[in-house]
Amino acid sequence: MEKRTDKNSYTIIFAIGMVLIVGALLAYLASALKPMIQENERLEKQQNILYAMGVNENEGTSANFVSTEDAPKLFGQYIKKQLVIENGSVAEDTTAYLIDVKKEQAKAKAGKTRRLPLFVGEKDGKTFYIAPIRGKGLWDAIWGYVALDENMVVQGAYFDHKGETPGLGANIKQRFFMDDFIGEHLLNANGEFKGITVAKGNGDPKNNDKLDNEVDAIAGATITGDGVTVMIKKDLKLYLPYFNKLKNK
Amino acid sequence: MGKDSRLILDPLADNNPITIQVLGICSALAITAELEASIVMSISVLFVLAVGNVVISLMRNIIPSKIRIIVQLIVVATLVIIVDLVLKAFAYELSKTLSVFVGLIITNCIIMGRFEAFALGNGPWRSFLDGIGNSLGYAIILIIVGFFRELLGSGTLLGYPVLGNPIPGELTGLYAYGYENNGFMLLSPMALIVVGIIIWIQRTRNKALIED
């Protein structure tokens with residue numbers, strides 16, 4: 001005898017019912033939790049930007065942000081100006097840090113002008129110019145913030161990723177990798193934009209040579225490393241006109 | 001009770017999901033380059049498999065057999081997404097650490113395998129125990145593989161340098177005697193070889209496990 005659960009009509013009704021229930025449940029949860037998730041993401045951006053300019057709670061070899069409670073206060077304290085560069089003109093915008101770099105990159109691809117956020121921070125009398133970057137790793141998106149001085153020398157970097165392999169590509173957000181960028185020059189000796197290459201076997205594992213436009217790569221994470229190279233080259237080059245103007249002032 | 005405890009103990013050795021059933025190999029290769037990642041993944045799978053097994057077991061009499069695989073997939077995916085959303089809202093830092101593993105959990109063959117082979121035919125309590133047992137069996141192998149890969153590949157354990165300082169010019173510990181990390185251990189094929197060695201040892205000790 002055929003079981004009740006083998007009937008086609010039962011199968012279809014079950015499938016429809018299940019989809020409705022699961023769909024409704026997930027949609028409800030997603031919309032109920034959305035404000036909290038967005039708030040978390042907003043604070044994280046502030047923490048990332050502050051991290052890049054050296055306002056963090058690093059201990060030993062692990063990278064630690066300032067706490068989420070302190071982030072808005074410290075962000076207001078250290079970030080003096082938030083700029084948006086559009087078509088060469090610079091404007092101040094106090095919500096520049098909320099600009100979605102992914103959307104702006106899509107805009108540029110579609111032939112429209114891209115808004116470039118830049119954050120000017122000050123700490124211990126030094127000025128930092130912090131720019132967001134975004135690119136592709138092995139599996140998914142990678143992104144970060146790079147703090148520069150007026151000569152385009154890296155003062156600090158923060159990288160993050162969506163789904164790089166734990167233990168390999170995911171290590172781009174470890175301090176041993178991010179700290180290697182500090183002091184590296186984006187320009188070469190002739191003042192041309194060179195970027196920073198994540199290089200395999202550059203014979204400089206301790207990263208003593210800050211002028212070679214190279215940092216040591218992570219073993220087993222070649223494609224993620226190449227992604228970092230590309231996003232630094234592509235996205236930071238867009239800020240070159242701004243820095244050129246800054247120098248000629 | 002003796003029967004129930006076997007549900008937990010069997011998968012640890014003689015019916016291990018990785019070395020005997022050869023399930024979950026994909027994640028055993030992918031994320032065992034570091035011990036910490038192995039442990040995090042094991043805990044995540046423990047949670048999803050135990051809860052998922054109970055849910056499927058409760059539904060076992062109403063699931064249409066023709067679409068049972070899809071139903072199982074929906075249950076895993078829903079569970080994982082709910083956990084991910086809740087963590088993002090209330091424990092953002094933790095969710096960032098775990099987000100990498102979410103995709104790996106949904107596609108983990110052990111989970112589908114246990115739903116199909118056990119939860120569909122057994123009650124919720126026994127399914128729960130089966131879930132715990134199998135994920136612990138999975139965890140043991142992951143942790144063993146992660147231990148050797150991190151130790152031999154990076155010279156660290158849980159991020160702490162246990163073999164000394166490998167940086168040229170300031171060599172300490174074993175490195176001072178000419179020892180070098182084996183970068184090959186960090187690549188996925190070496191995980192397969194480590195798992196292979198475990199299978200070899202296990203079957204040499206217990207000949208009953210060898211299939212004809």
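In the predicted model, chain B comprises eight helices and two strands. Read from the N terminus, the elements of chain B follow the order α-α-α-α-α-α-α-β-β-α, so that, with helices and strands taken as DSSP runs numbered from that end, the two strands stand next to each other in the order and are followed by one further helix. The C-alpha trace of chain B extends over about 65 × 50 × 30 Å along its principal axes.

Chain A, by comparison, is made up of six helices and eight strands, and the succession of its elements from the N terminus is α-α-β-β-α-β-β-β-β-α-β-β-α-α. Two helices thus open the order of chain A and two helices close it. Taken along the principal axes, the box filled by the C-alpha atoms of chain A is roughly 85 × 45 × 40 Å.

The two chains meet in an interface in which 38 residues of chain A are in contact with 35 residues of chain B. The area buried between chain A and chain B amounts to about 2800 Å², of which 70% lies on carbon and sulfur atoms. Of the area that chain A buries against chain B, 19% is supplied by Phe14(A), Met18(A) and Pro166(A), a contribution that exceeds that of any other three residues. Two elements of chain A, namely α1 (8-52) and β6 (154-161), each give two or more residues to the side that touches chain B, and the largest share of that side, 17 residues, is provided by α1(A). Classified by residue type, the side of chain A that touches chain B contains 18 nonpolar, 10 polar and 10 charged residues.

With regard to specific interactions across this interface, the count of salt bridges between chain A and chain B is zero, although charged residues are represented on the side of chain A that touches chain B, where they number 10. Polar contacts, by contrast, are found between chain A and chain B for seven residue pairs, with both residues of each pair at pLDDT 80 or more.

A search of the whole structure for internal cavities of 30 Å³ or more returned one, and the volume of the largest cavity is about 30 Å³. The lining of the largest cavity is formed by Ala96(A), Tyr97(A), Ile99(A), Val101(A), Pro117(A), Phe119(A), Pro132(A) and Tyr145(A). By class, this lining consists of eight nonpolar residues, with no polar and no charged residues.

Terms used: Residues are numbered from 1 along each chain as its sequence is written. Chains are lettered from A and ligands numbered from 1 in the order in which they are written. This is a predicted model: local features need pLDDT of at least 70, side-chain atom pairs count only at pLDDT 80 or more; totals for chains, interfaces and linings use all residues. Side-chain values use heavy atoms; hydrogens and water are left out. Contact means heavy atoms within 4.5 Å. Buried area is the accessible area (1.4 Å probe) that two parts lose on being put together, summed over both. A salt bridge is a side-chain nitrogen of Lys or Arg within 4 Å of a carboxyl oxygen of Asp or Glu. A polar contact is a pair of N or O atoms within 3.5 Å; within protein, one must be able to donate a hydrogen and the other to accept it, and residues adjacent in sequence count only if both atoms are side-chain atoms. Helices (H or I, at least four residues) and strands (E, at least two) are DSSP runs, numbered from the N terminus. Ala, Val, Leu, Ile, Met, Phe, Trp, Tyr, Cys and Pro count as nonpolar, Asp, Glu, Lys and Arg as charged, and the others, Gly among them, as polar. On a 1 Å grid over the protein atoms alone, a cavity is a set of points where a 1.4 Å probe fits but cannot get out, and a pocket is an open set with protein on both sides within 12 Å along at least five of seven lines; lining residues have an atom within 4 Å of a point. Grid points are joined across faces, edges and corners, and a volume is the space filled by probe spheres set on the points.
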